[in-house]
Amino acid sequence: NNDDDTASMGKDTGTDIKSLAINLASTLLFVLPFPAYFDTENLTKYAAGVGAAFLVAYVLPPVGWRRPHPYSDDTTNVPS
């Protein structure tokens, strides 16, 4: 049984801060067309908010675009 191997790598719950930030930023990106259609005057503010959300998601540890997962080849990209 390999349960000891997977337990030592950390469990991928999908609720780490990096995953949540990526999910939030992605949701904002998909919702962006609605305020863009109904409130064109503030479109740049909405787009800046989406960009800021992606920037925050990018700089959260581990820094980069990848979501942490237990089977990563990169040891710095394994959930704690």
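How many helices and how many strands are there in the chain? In this predicted model, the count comes to four helices and zero strands. Walking along the sequence, the pattern reads simply α-α-α-α.

As for packing, the chain has 80 residues, and buried ones make up 20% of them. The chain exposes about 6,000 Å², with 63% of that supplied by carbon and sulfur atoms. Contacts that span the sequence are also worth a look: taking those between residues at least 6 apart, 57% join residues at least 24 apart.

Asp 16 makes a handy spot to zoom in on. This residue sits in the loop that runs between helix H1 (3–9) and helix H2 (17–31). Is Asp 16 buried, partly exposed or exposed? Its relative accessible area is 21%, and the cut-off for buried is under 20%, so Asp 16 counts as partly exposed.

The surroundings of Asp 16 include residues from elsewhere in the sequence. Once neighbours within four places are set aside, Asp 16 is in contact with Arg 67 and Pro 68. Pro 79 can be placed relative to Asp 16 as well: the two are 63 residues apart in sequence, yet their C-alpha atoms are 7.7 Å apart in space. Closer along the chain, what does the side chain of Asp 16 make a polar contact with? The partner is the side chain of Ser 19, at 2.9 Å. Put together, Asp 16 is a loop residue with a side-chain polar contact to Ser 19 and contacts to Arg 67 and Pro 68.

Definitions and conventions. Residues numbered from 1 in each chain as written. Predicted model: local features only at pLDDT ≥ 70, side-chain atom pairs only at ≥ 80, totals over all residues. Heavy atoms only, no water. Helix = DSSP H or I, 4+ residues; strand = E, 2+ residues; numbered from the N terminus. Buried < 20%, exposed > 50% of the residue type's maximum accessible area, 1.4 Å probe, protein only. Contact = heavy atoms within 4.5 Å. Areas by Shrake-Rupley, 256 points an atom, 1.4 Å probe, with all protein chains shown as cover. Polar contact = N/O pair within 3.5 Å; in protein donor to acceptor, adjacent residues only side chain to side chain.
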